[in-house]
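Got the viewer open and a selection box ready? Let's take a walk through this one, stop by stop.

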Amino acid sequence: LEHLHIENLAVIESADLEPRRGFSVLTGETGAGKSVLIHSLNLLLGERVGKDLVRSGCQKATVSGLFSDLSPRVLKLLSEQGFESDGEVLIQRELTADGRSSVRINVRPSTVSMLRD
């Protein structure tokens, strides 16, 4: 994971995370949003979620992640599904307040099941 961007998800209005190579630790007080970061990653990996994660008063929540150093298996799967990759992939997931969800891989529409694969 090179970059994670979160908008309007639970207690997070807007946040960007750029983890460094090696060991990363998330710390903070109760209610600071650590578990929301984990939910964000799970969204990008195809987890099904409820509309209750959309920040109160907002119409939609968005999570984007830029991944690099992809395994040969992932590169092959992307290629088989028609997604071009230069060794990086951008995954975007949007949740709406009415419970709908959309997925984009490298800006092209995709499915939650593709994320899980």
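Start by selecting Gly46, which comes right after α1 and has a positive phi, near 95°. Keep in mind as you click around that this is a predicted model.

**Back along the helix**

Now select α1 itself, residues 34-44. Which of its residues are buried? Pick Val36, Leu37, Ser40, Leu43 and Leu44. Turn the view to look down the axis of α1: those buried residues fall within an arc of 115°, so they line one face of the helix. That fits the general pattern: an α-helix has 3.6 residues a turn, so residues three or four places apart point the same way.

What covers that buried face? Show β1, β2, β3, β4 and α3, which are among the elements covering the buried residues of α1. The helix lies across β1, β2, β3 and β4, and it runs at about 110° to β1.

**Over to the sheet**

Colour the strands next. You're looking at an open sheet of six, in the order β2-β1-β3-β4-β5-β6, with antiparallel pairing. The edges are β2 (12-17) and β6 (108-110), each of which pairs on one side only. From one strand to the next, the twist averages 15°.

Zoom in on β3 and β4, an antiparallel pair held over nine bridges. Select Val63 and look across to β4, where its bridge partner is Arg93. Stay on these two strands for a side-chain link: Lys60 and Glu94 form a salt bridge, with 3.4 Å between the closest N and O atoms. Lys60 sits in β3 and Glu94 in β4, so the pair ties together parts that are 34 residues apart in sequence. Lys60 counts as partly exposed at 41% relative accessibility, and Glu94 also counts as partly exposed, at 25%.

**The charged network**

Which residues do salt bridges with shared partners join into one network? Select Glu2, Arg21 and Asp69. Begin with Arg21, found in the loop between β2 and α1. At 67% relative accessibility, Arg21 counts as exposed. Arg21 forms a salt bridge with Asp69, the closest N and O atoms being 2.6 Å apart. Asp69 is in the loop between β3 and α2, 48 residues away from Arg21, and at 57% relative accessibility it counts as exposed.

Then follow Arg21 to its other bridge in this network, the one with Glu2 (3.7 Å, N to O). Glu2 belongs to the segment before β1, 19 residues from Arg21. With 31% relative accessibility, Glu2 counts as partly exposed. Across the model, the salt-bridge count comes to four.

**Into the core**

Last stop: hide the charged side chains and look inside. The largest nonpolar core has 25 residues, and those touching the most other members are Ile6, Leu9, Val63, Leu78, Val89 and Ile105. You've met Val63 already, as the partner of Arg93. Two or more core residues come from each of β1 (3-9), α1 (34-44), β3 (60-68), α2 (72-80), β4 (88-96), β5 (101-105) and α3 (112-116). The largest share, four residues, comes from α1.

Finish on Leu78. What does it contact, leaving aside neighbours within four places in sequence? Select Leu70, Phe83, Ser85, Val89, Ile105 and Met114 to see those contacts around Leu78.

Key
Residues are numbered from 1 along each chain as its sequence is written. This is a predicted model: local features need pLDDT of at least 70, side-chain atom pairs count only at pLDDT 80 or more; totals for chains, interfaces and linings use all residues. Side-chain values use heavy atoms; hydrogens and water are left out. A nonpolar core is a set of buried Ala, Val, Leu, Ile, Met, Phe, Trp, Tyr and Cys residues joined through side-chain atoms within 4.5 Å. Buried means under 20% relative accessible area, exposed over 50%, partly exposed in between (1.4 Å probe, protein chains only). Contact means heavy atoms within 4.5 Å. Two strands pair if DSSP finds at least two bridges between them. Axes are lines fitted to C-alpha atoms, for helices over the stretch in contact, and angles run from 0 to 180 degrees between N-to-C directions. The arc is that of the directions from the helix axis to the C-beta atoms.
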